[in-house]
Structures are given as structure tokens and as C-alpha cells.
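Here are a few exercises to work through at your own pace. Keep the sequence and the 3D view open, and try each task before reading its solution.

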Amino acid sequence: MIQCYFSPMASLAELKALVASARADSRPRGLVILGSIDNDHHADDLDAFLKQLPLPVGGGLFPALLFDGQVQHSGWIVY
């Protein structure tokens with residue numbers, strides 16, 4: 001079963017924590033990361049973080065996220 005992690009917090013530090021949880025809990029072979037375009041991050045910092053991950057990553061940034069039937073205008077989803 002795929003474990004899904006969500007946080008409405010918009011920081012890059014929060015994304016790093018979600019990714020760490022996902023990697024520790026399920027030992028994935030890859031990750032999908034979805035974020036809001038309104039999140040508080042700099043593109044260069046996000047790019048550097050994603051490039052240093054030792055597994056394949058897909059995803060993107062969107063105007064809003066849909067999680068558990070609710071529209072979210074900030075935050076991260078990792079699975």
C-alpha cells in the first residue's frame with residue numbers, strides 16, 4: 001500500500017521532513033512530490049534539495065492541491 005504524507009506548512013524544511021518520513025517509513029524506490037506554487041521556497045534551494053535525493057523524483061508545483069477531499073492552497077504532498 002502506498003503511504004501518502006501531507007502537510008499544509010509551506011516551507012522547504014517541512015518538505016524535507018515529509019521526505020525523511022516517507023523514506024524511513026516505506027523505503028520507496030521513488031517519490032512523487034506535489035507542492036503549491038504559493039509555498040515559501042526559492043527555486044534554486046528546492047532544485048538543490050531534489051537533486052541530492054538518492055532516488056527518482058517526479059511531481060510538480062500547482063495552483064492548489066487536493067488532499068483528502070479538501071482543496072489546499074499551500075503545502076506539500078509526498079508519496
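**Exercise 1: an edge of the sheet**

Strand 1 and strand 6 (residues 76–78) run antiparallel and are joined by three bridges. This is a predicted model, so please read each solution in that light.

Task: find which residue of strand 6 stands opposite Phe6, and work out where strand 1 lies in the sheet.

Solution.
- Step 1. Look across from Phe6 and you meet Ile77 in strand 6.
- Step 2. Now zoom out: the sheet is open, has four strands in the order 1-6-2-3, and its pairing is mixed.
- Step 3. Strand 1 (5–7) and strand 3 (57–62) are the edges, because each has a single partner strand, and one side of each therefore has no neighbour in the sheet.
- Step 4. For the twist, ignore direction: neighbouring strands of this sheet are turned by 10 degrees against each other on average.

**Exercise 2: a helix across the strands**

Task: name the strands that helix 1 lies across, and give its angle to strand 1.

Solution.
- Step 1. Helix 1 covers residues 12–26.
- Step 2. Strand 1, strand 2 (31–36) and strand 6 are the strands that helix 1 lies across.
- Step 3. Relative to strand 1, helix 1 runs at about 160 degrees.

**Exercise 3: two rings**

Task: classify the aromatic pair of Phe6 and Phe67 as stacked, tilted or edge-to-face.

Solution.
- Step 1. The count of aromatic pairs comes to one.
- Step 2. In this pair, the rings of Phe6 and Phe67 are 4.6 Å apart centre to centre, with 15 degrees between the planes. Planes under 30 degrees apart count as stacked, so the pair of Phe6 and Phe67 is stacked.
- Step 3. The pair links distant parts of the chain, with Phe6 in strand 1 and Phe67 in strand 4 (residues 65–67), 61 residues apart.
- Step 4. Are the two rings' residues buried, exposed or partly exposed? Phe6 has 22% relative accessibility and counts as partly exposed; Phe67, at 24%, is also partly exposed.

**Exercise 4: one salt bridge**

Task: locate the salt bridge and describe the setting of its two residues.

Solution.
- Step 1. The structure holds one salt bridge, and the side chains that meet in it are those of Asp47 and Lys51, at 3.1 Å from N to O.
- Step 2. Both residues sit in helix 2 (residues 43–52); they are four residues apart, so about one helical turn separates them.
- Step 3. Asp47 is partly exposed, with a relative accessible area of 36%, whereas Lys51 is exposed at 64% relative accessibility.

Technical notes. Residues are numbered from 1 along each chain as its sequence is written. This is a predicted model: local features need pLDDT of at least 70, side-chain atom pairs count only at pLDDT 80 or more; totals for chains, interfaces and linings use all residues. Side-chain values use heavy atoms; hydrogens and water are left out. A salt bridge is a side-chain nitrogen of Lys or Arg within 4 Å of a carboxyl oxygen of Asp or Glu. Helices (H or I, at least four residues) and strands (E, at least two) are DSSP runs, numbered from the N terminus. Buried means under 20% relative accessible area, exposed over 50%, partly exposed in between (1.4 Å probe, protein chains only). Two strands pair if DSSP finds at least two bridges between them. Axes are lines fitted to C-alpha atoms, for helices over the stretch in contact, and angles run from 0 to 180 degrees between N-to-C directions. Contact means heavy atoms within 4.5 Å. Rings of Phe, Tyr and Trp (its six-membered ring) pair if their centres lie within 6.5 Å; planes under 30 degrees apart count as stacked, over 60 as edge-to-face and the rest as tilted.
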